[in-house]
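Me: I should like to learn how to read a few structural features from a model. Could you take me through them in turn?

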Amino acid sequence: MRIRIVSWCAFALVLAFEWSSAFAQTARMLIGYPPGGAVDVLGRLFAETMSEAVGRPVVVENRPGAVGQIAAEALKAAAPDGNTLMVAPDATVIIRPQTLSKPPFDPLADFAPVAHAGNWAFALGTHAGLPVRTLADYLSWVRADSARANFASSGAGGSTHFFGVLLGQTLGVPLAQVSYKGAGPAILDVVAGHVPATVQPLGTLLAQAKAGKIAVLGMSAKARSPGAPDVPTFSELGYPALTADGWFGIFSPAGTPAETVAKLNGAFVQAMRSSAVRDKMRNLDLEVREMSAPEFAAVVKADYARWGPIIRASGFSGDN
């Protein structure tokens, strides 16, 4: 797909002039997930931003499969000239390689983080028909019968799976994962009462919570969400170890010149300051956090180190 080029501000025109010689060919934005989902919507938004900024077409390539691994391998193989980028969630970059005995890419060595592209909070939701209204209620209810200690995730080996593992470790209850193919089916089974609880991005639970079909007991952000002010943070409930973010990022191949990375970062940060882009990100329930490329690289490194022990302790393998 070719993204239509429209000049969006003087900043974009300056970048287009500066990059006219360095970026002579059509650029690519790799997306490791199918069309229509959140990653795809976000990837196309930023592909358009890149196209407008550099003044030339950007081709979107969906390469779905293996938690984004196929797109990540394509990024690793691309020339480090700024002409190939990837939009990916933390599940692809942080979690997937740490579930494999022989990972095909090392995110810390094979990729150059370009820009943070929005973050979201994890939340614990329970079936509204349970005798549970608070996290303390839930813990008492689960401890009364170990058969109740399971939760629906959006897929084995993904971020909701491992936040559920962290949740169980921190709360001291042996939570068992029930894997689904996406957030939608997982949430529907909780609404129907087939599974008592789920771990999901907070935004995906709010519609059912407002309808009174799911109770959201806590969320992982540092502060309460403006969109759900009645949902307490896990930290204020006494569990600061459960403070965590899921995020999306934009990456280029390792070896991309620092000057090129900095210019790309500037283009994306500038775009995220516009109301049009912010509104679209808000519709995806993403919080904008402006970061330089080195600041985002530090987040990637820290999260890689944080989730590694949790993944290994779970015993999960993505090899099968």
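Reply: The turns below treat a strand pairing, a helix and several aromatic contacts. Please bear in mind that this is a predicted model.

Me: Which way do strands β5 and β6 run, and how many bridges join them?

Reply: Strand β5 (residues 150-153) and strand β6 (residues 176-179) run parallel, and 4 bridges join them. To find the register, one looks for residues that face each other: N150 stands opposite A176 in β6.

Me: What do β5, helix α7 and β6 make?

Reply: With helix α7 (residues 159-171), the two strands make a β-α-β unit, and this unit is right-handed.

Me: How should I read a helix, and what is the case for α10?

Reply: An α-helix has 3.6 residues a turn, so residues three or four places apart point the same way. Helix α10 (residues 258-272) has 15 residues, and the span from its first C-alpha to its last is 21 Å, close to the 21 Å expected at 1.5 Å a residue. The buried residues of α10 include T260, V261, L264, N265 and F268.

Me: How is a pair of aromatic rings described?

Reply: Two quantities are used: the distance of the centres and the angle of the planes. In this model the count comes to 10 aromatic pairs. One of them is formed by F162 and F316, which are edge-to-face, with 5.9 Å centre to centre and 75 degrees between the planes.

Me: Why does the pair of F162 and F316 tie together parts that are apart in sequence?

Reply: F162 lies in helix α7 whereas F316 is in the segment after α12 (293-314), so the pair ties together parts that are 154 residues apart in sequence. The burial of the partners should be read as well: F162 is buried, at a relative accessible area of 0%, while F316 counts as partly exposed at 26% relative accessibility.

Me: Why is the pair of W247 and F296 edge-to-face?

Reply: The planes of W247 and F296 are at 85 degrees, with the ring centres 5.3 Å apart, so the pair is edge-to-face; the cut-off for that class is over 60 degrees. The pair links W247 in strand β9 (residues 245-253) to F296 in helix α12, 49 residues apart. W247 is buried at 1% relative accessible area, and F296 is buried at 0%.

Me: Which residues do ring pairs link into a cluster?

Reply: The cluster consists of F105, F111, W247, F251 and F296.

Me: Where does R306 lie with respect to W307?

Reply: R306 lies over the face of W307, at 5.6 Å from the ring centre.

Conventions:
Residues numbered from 1 in each chain as written. Predicted model: local features only at pLDDT ≥ 70, side-chain atom pairs only at ≥ 80, totals over all residues. Heavy atoms only, no water. Pairing = 2+ DSSP bridges. Right-handed = clockwise from strand over helix to strand, strands pointing away. Expected span 1.5 Å × (residues − 1). Buried < 20%, exposed > 50% of the residue type's maximum accessible area, 1.4 Å probe, protein only. Phe/Tyr/Trp six-rings, centres within 6.5 Å; stacked < 30°, edge-to-face > 60°. Lys NZ or Arg CZ within 6 Å of the ring centre and 35° of its normal.
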